[in-house]
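Here are my notes for your read-through. Please keep the viewer open and check each point as you go.

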Amino acid sequence: MFSTADTIVAIATPPGRGGIGVVRLSGVDARQIAGRFTTKRGKRLEPRHATFTTLELDAASSDRAIDHVIVTYFPAPASYTGDDVVEISAHGSPVILQAIVSAAIAGGARLAEPGEFTLRAFINGRMDLMQAEAVADLIESVTPLQARAAFDQLNGTLTREIGAIDAALFDLIARLEASVDFPDEGYHFIEPGSVATAIDGVLMRIEALLASARTGRVVREGLQVAIVGEPNVGKSSLFNALVGTARAIVTEVPGTTRDLVSETIDLEGLRVTLVDTAGARETVDVVESEGVARSRQAAQTADLTLLVADQSRPWSDRPLDIFGLANIKRLLLVASKADLPVAWQRDDAIRVAAPIGLGLERLKQQILWTLDVDLLAERPGLTNVRHIALVEGAQASLIRARRAASGQQPAPEEFLLADLQEARAALEEVTGKRTSDELLQHIFSRFCIGK
Ligand SMILES: Nc1nc2c(ncn2[C@@H]2O[C@H](COP(=O)(O)OP(=O)(O)OP(=O)(O)O)[C@@H](O)[C@H]2O)c(=O)[nH]1
Ligand SMILES: [Mg+2]
């Protein structure tokens with residue numbers, strides 16, 4: 001279904017204008033096709049050398065030079081895709097880049113599908129499926145931490161860890177199969193006790209991998225922080241101060257914010273979506289009461305809720321009741337308007353005066369601390385839901401095998417083997433050793449063209 005026999009072409013740089021734009025060709029004819037319009041000065045394309053040349057898209061005419069370009073040729077198999085690759089760096093004009101693509105198509109290339117360069121890299125064994133997925137993650141990363149997690153995965157940290165687990169399983173399976181094939185020798189190949197120990201070893205590694213998944217998910221998807229409280233306490237002012245722009249409307253009129261306003265910020269590498277909400281009060285205004293209902297919903301679903309209370313006004317328990325905040329797991333109390341005379345004090349409150357920036361750094365630290373994300377964990381993080389589900393599947397199979405191995409009456413090796421093989425199959429689906437066209441299509445369809 002996925003053919004690598006033809007030569008594909010696409011613009012590799014983003015749409016729009018820029019200093020430089022790159023067109024990438026991959027496939028057996030890449031060099032020959034590029035040569036049709038880039039070697040007019042008699043320059044040969046040396047492997048991995050930047051060749052300065054003139055782009056002449058109409059070979060028949062002598063005055064058809066349209067740009068100066070740098071051409072680089074990466075011979076197979078040591079290229080990104082594993083095929084012959086030619087990259088043409090022209091000036092970043094959509095007109096020029098499109099003309100190069102059209103000329104390449106006229107020369108026999110075909111327009112690449114989304115993600116097809118990386119798909120070829122996978123098919124040609126240049127990277128496994130996890131690494132291919134990491135390419136998309138890296139390009140889509142929003143915070144430096146996301147980029148680092150994606151690069152680690154691209155660089156093979158997870159590949160190596162899953163590979164090591166797979167190797168241990170392979171060894172165990174081989175020894176058990178030997179016992180099955182040569183029943184007379186029986187447990188000479190492997191003692192029941194050592195089967196259980198070996199499975200325990202593999203299980204421990206799998207558990208460590210899954211433990212990294214929460215951090216991984218948080219790095220990938222970020223967290224939601226809702227800002228709630230009574231009207232006019234300074235929620236929107238705090239929201240704006242944290243976001244760094246006057247995104248939400250601030251006025252001295254209570255009930256200014258009617259709907260949810262959200263914005264994503266980078267909190268020391270963590271992607272945090274802040275949600276400003278309508279002030280909580282009983283109201284007959286339909287719009288405002290719908291706003292309050294949404295605030296309640298936001299508070300209930302957020303990973304962390306900031307309850308803002310005006311320190312210059314008497315303390316009130318009302319928001320706690322209105323939001324059902326008593327049931328909320330992660331809550332921080334923020335005492336706002338700390339620049340004004342104080343009407344109440346609580347040890348657990350973080351004092352801020354958003355308009356003058358007072359207390360914001362401490363609040364940010366407290367947010368990170370409360371979210372309890374071990375962002376600096378050195379373990380390779382599983383970030384991808386597909387990988388997590390498969391590794392959890394492997395874990396379930398291994399737990400079954402472990403039980404079979406250590407029961408009162410150890411189960412026959414055949415049963416054990418079936419469970420172990422199932423665990424291995426799940427891991428091979430993670431790396432893509434075992435895969436289907438549908439899965440590949442699904443994964444690569446989220447790439448853009450040129451990747
Ligand atoms: N002195 C002082 N005034 C503040 C502070 N924070 C907010 N304010 C003022 O308090 C008023 C209300 O601020 P908002 O940020 O709109 O309050 P809110 O909680 O979003 O209000 P609603 O959207 O109506 O629920 C505005 O006049 C702000 O200028 C502060 O730290 N100190
Ligand atoms: Mg507001």
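The points below cover the ligands first, then the strands, then a few single residues.

1. Status of the model. This is a predicted model. Please read every distance and area below as a value computed from predicted coordinates.

2. Surroundings of ligand 1. There are 22 residues around ligand 1. Lys235, Ser237, Gly255, Thr256 and Thr257 come nearest. The shell is a mixture: 9 residues are nonpolar, 9 are polar and 4 are charged.

3. Polar contacts of ligand 1. Start with the two threonines. A polar backbone atom of Thr256 sits 2.8 Å from an oxygen atom of ligand 1. For Thr257, it is an N or O atom of the side chain that lies 2.8 Å from a ligand 1 oxygen. Gly279 also takes part, with a backbone N or O atom 3.4 Å from an oxygen of ligand 1. How much of ligand 1 does the protein bury? Ligand 1 taken alone exposes 650 Å², and the protein buries 86% of that.

4. The magnesium ion. Ligand 2 is a magnesium ion. Which atoms coordinate it? They are OG of Ser236 and OG1 of Thr257, at 2.0 to 2.1 Å. The two residues come from distant parts of the chain, 21 residues apart. Ser236 belongs to helix H8 (residues 235-243). Thr257 is in the loop between H8 and strand E8 (261-267).

5. Burial at the magnesium site. Are Ser236 and Thr257 buried or exposed? Buried means under 20% relative accessible area. Ser236 has 8%, so it counts as buried. Thr257 has 12%, so it is buried too. Note that Thr257 has two roles in these notes: its side chain contacts an oxygen of ligand 1, and its OG1 coordinates the magnesium ion.

6. The six-strand sheet. What is the strand order in the open sheet? It runs E3-E4-E5-E2-E1-E6, with mixed pairing. E3 and strand E6 (110-111) stand at the edges. Each has a single partner strand, so one side of each lacks a neighbour in the sheet.

7. E3 against E4. Strand E3 (residues 50-56) and strand E4 (residues 65-74) run antiparallel and are joined by 7 bridges. Three pairs help you trace the register. Ala50 is partnered with Thr72. Thr53 is partnered with Val69. Glu56 stands opposite Ala65. E3 is an edge strand, yet it is mostly covered, with 5 of its 7 residues buried.

8. E4 against E5. E4 also pairs with strand E5 (residues 85-92), again in the antiparallel sense, over 5 bridges. Follow Thr72 across the sheet. Its bridge partner in E5 is Glu87, and in the E3–E4 pairing Thr72 is the partner of Ala50.

9. Strand E7 and its neighbours. Why describe E7 (residues 223-229) as largely enclosed by the rest of the structure? The reason is that 6 of its 7 residues are buried. E7 runs parallel to E9, joined by 5 bridges. E7 also pairs in the parallel sense with strand E10 (residues 304-310), over 5 bridges. Ile227 is a handy marker for both pairings: it stands opposite Asp276 in E9 and opposite Leu306 in E10.

10. Thr273. This residue lies in strand E9 (residues 270-276). Its relative accessibility is 18%, so Thr273 counts as buried. The side chains of Thr273 and Thr264 are joined by a polar contact of 3.3 Å.

11. Arg296. Look for Arg296 in helix H9 (residues 286-301). It counts as partly exposed, at 33% relative accessibility. How far apart are Arg296 and Gly432 in space? The C-alpha to C-alpha distance is 43 Å, with their positions 136 residues apart in sequence terms.

12. Asn155. This residue is in the loop between helix H5 (144-154) and helix H6 (157-181). Asn155 has a relative accessible area of 46%, so it is partly exposed. Asn155 and Ser194 are 39 residues apart in sequence. In space they are 34 Å apart, C-alpha to C-alpha.

Methods
Residues are numbered from 1 along each chain as its sequence is written. Chains are lettered from A and ligands numbered from 1 in the order in which they are written. This is a predicted model: local features need pLDDT of at least 70, side-chain atom pairs count only at pLDDT 80 or more; totals for chains, interfaces and linings use all residues. Side-chain values use heavy atoms; hydrogens and water are left out. A residue is near a molecule or strand if one of its heavy atoms lies within 4 Å of it. A polar contact is a pair of N or O atoms within 3.5 Å; within protein, one must be able to donate a hydrogen and the other to accept it, and residues adjacent in sequence count only if both atoms are side-chain atoms. Accessible areas come from the Shrake-Rupley method with a 1.4 Å probe; for residues, only the protein chains shown count as cover. Ala, Val, Leu, Ile, Met, Phe, Trp, Tyr, Cys and Pro count as nonpolar, Asp, Glu, Lys and Arg as charged, and the others, Gly among them, as polar. Donors are N, O and S atoms within 2.8 Å of the metal (3.2 Å for Na, K and Ca); water is not among the atoms, so sites may look incomplete. Helices (H or I, at least four residues) and strands (E, at least two) are DSSP runs, numbered from the N terminus. Buried means under 20% relative accessible area, exposed over 50%, partly exposed in between (1.4 Å probe, protein chains only). Two strands pair if DSSP finds at least two bridges between them.
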